[in-house]
Amino acid sequence: MELNLSLIIPLTLVTGMVAGMAISNFLAKRASAGRGEAVRIGASTVSGRGAFALKKISEGDIIERCPALEVTDRDIGGELLNYVFYGSTETARLVVMGNGMLFNHSSTPNVAYYRQEGALGVELVLYALRDIEQGEELFYSYGDEWWATRK
Ligand SMILES: C[S@@+](CC[C@H](N)C(=O)[O-])C[C@H]1O[C@@H](n2cnc3c(N)ncnc32)[C@H](O)[C@@H]1O
């Protein structure tokens, strides 16, 4: 049978690209899990990016301790308003690092959080409200006020 190079070459390239993407995705997940991380960021089931459990998480487990910067509401504007947390006073806002800013909202959340003063500064601590399976999307409740103050 005659080899059709104009078909075989693009097919080989596409197959290589798909295999490369699958392998790098697999290695990235394995590296995160190997570092003891519990969260990966992926395509959300509700909106844009979201946080997903990299492994089974038990009720009460701390999922991530996120370093946070406490600023005032005057420092926050535009789209950033949708990403910050309320802080220790009415006007304080927390800019949260790590994966903490990318958790989406659910009115039946599997995650909650609290603010803690650590030795190195303020942290936002995310913990499991119930047992969570590997691969589940992680949600906390933004609260009624959050939604009431947005269109
Ligand atoms: C802190 S961000 C969460 C990460 C965001 N999905 C992203 O891709 O950057 C908050 C924004 O996510 C969206 N969002 C979060 N939870 C949602 C939900 N349950 N339904 C629809 N949109 C949601 C809203 O647009 C909100 O302003």
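**Reasoning about strands, core and ligand shell**

User: How do you know that strand S2 and strand S9 are paired?

Analyst: In this predicted model, strand S2 (residues 49–53) and strand S9 (residues 137–140) run antiparallel and share two bridges. Pairing requires at least two bridges, so the two strands count as paired. Within S2 and S9, Phe52 stands opposite Glu137.

User: What is the sheet that holds S2 and S9?

Analyst: It is an open sheet of four strands, ordered S1-S2-S9-S6, and its pairing is mixed.

User: Why are S1 and S6 called edge strands?

Analyst: Strand S1 (39–43) and strand S6 (104–105) each have a single partner strand, so one side of each is left without a neighbour in the sheet.

User: What is the order of the sheet with five strands?

Analyst: The order is S4-S5-S3-S8-S7, in an open sheet with antiparallel pairing. Its edge strands are S4 (85–86) and S7 (111–118), each of which pairs on one side only.

User: How do you know that S3 and S8 pair?

Analyst: Strand S3 (residues 62–72) and strand S8 (residues 121–128) are joined by five bridges and run antiparallel. The requirement is at least two bridges, so S3 and S8 pair. Arg65 of S3 stands opposite Val125 in S8.

User: Is Glu59 buried or exposed, and why?

Analyst: Glu59 has 11 other C-beta atoms within 10 Å. A residue with 12 or fewer is exposed, so Glu59 is called exposed. Glu59 lies in the loop between S2 and S3. Leaving out residues up to four places away in sequence, Glu59 touches Ala128, Leu129, Arg130 and Asp131. The C-alpha atom of Glu59 is 36 Å from that of Ala19, with the two positions 40 residues apart along the chain.

User: Which residues of the largest nonpolar core touch the most other members?

Analyst: They are Leu124 and Leu138, in a core of 23 residues. S2, S3, S5 (92–96), S7, S8 and S9 each give two or more residues to this core. Beyond its neighbours within four places in sequence, Leu138 has contacts that include Val39, Ala51, Ile63, Phe103 and Val111.

User: What makes up the shell around the ligand, by class?

Analyst: The shell has four nonpolar, eight polar and one charged residues. Of the 13 residues that surround the ligand, the closest are Ser47, Gly48, Asn82, Asn104 and His105. Gly counts as polar, so Gly48 belongs to the polar class. S2 and S6 each supply at least two residues of the shell.

Technical notes. Residues are numbered from 1 along each chain as its sequence is written. This is a predicted model: local features need pLDDT of at least 70, side-chain atom pairs count only at pLDDT 80 or more; totals for chains, interfaces and linings use all residues. A residue is near a molecule or strand if its C-beta atom, placed from the backbone, lies within 6 Å of it. A nonpolar core is a set of buried Ala, Val, Leu, Ile, Met, Phe, Trp, Tyr and Cys residues joined through C-beta atoms within 7 Å. A residue is buried if 20 or more other C-beta atoms lie within 10 Å of its own, exposed if 12 or fewer, and partly exposed in between; C-beta atoms are placed from the backbone. Two residues are in contact if their C-beta atoms, placed from the backbone, lie within 7 Å.
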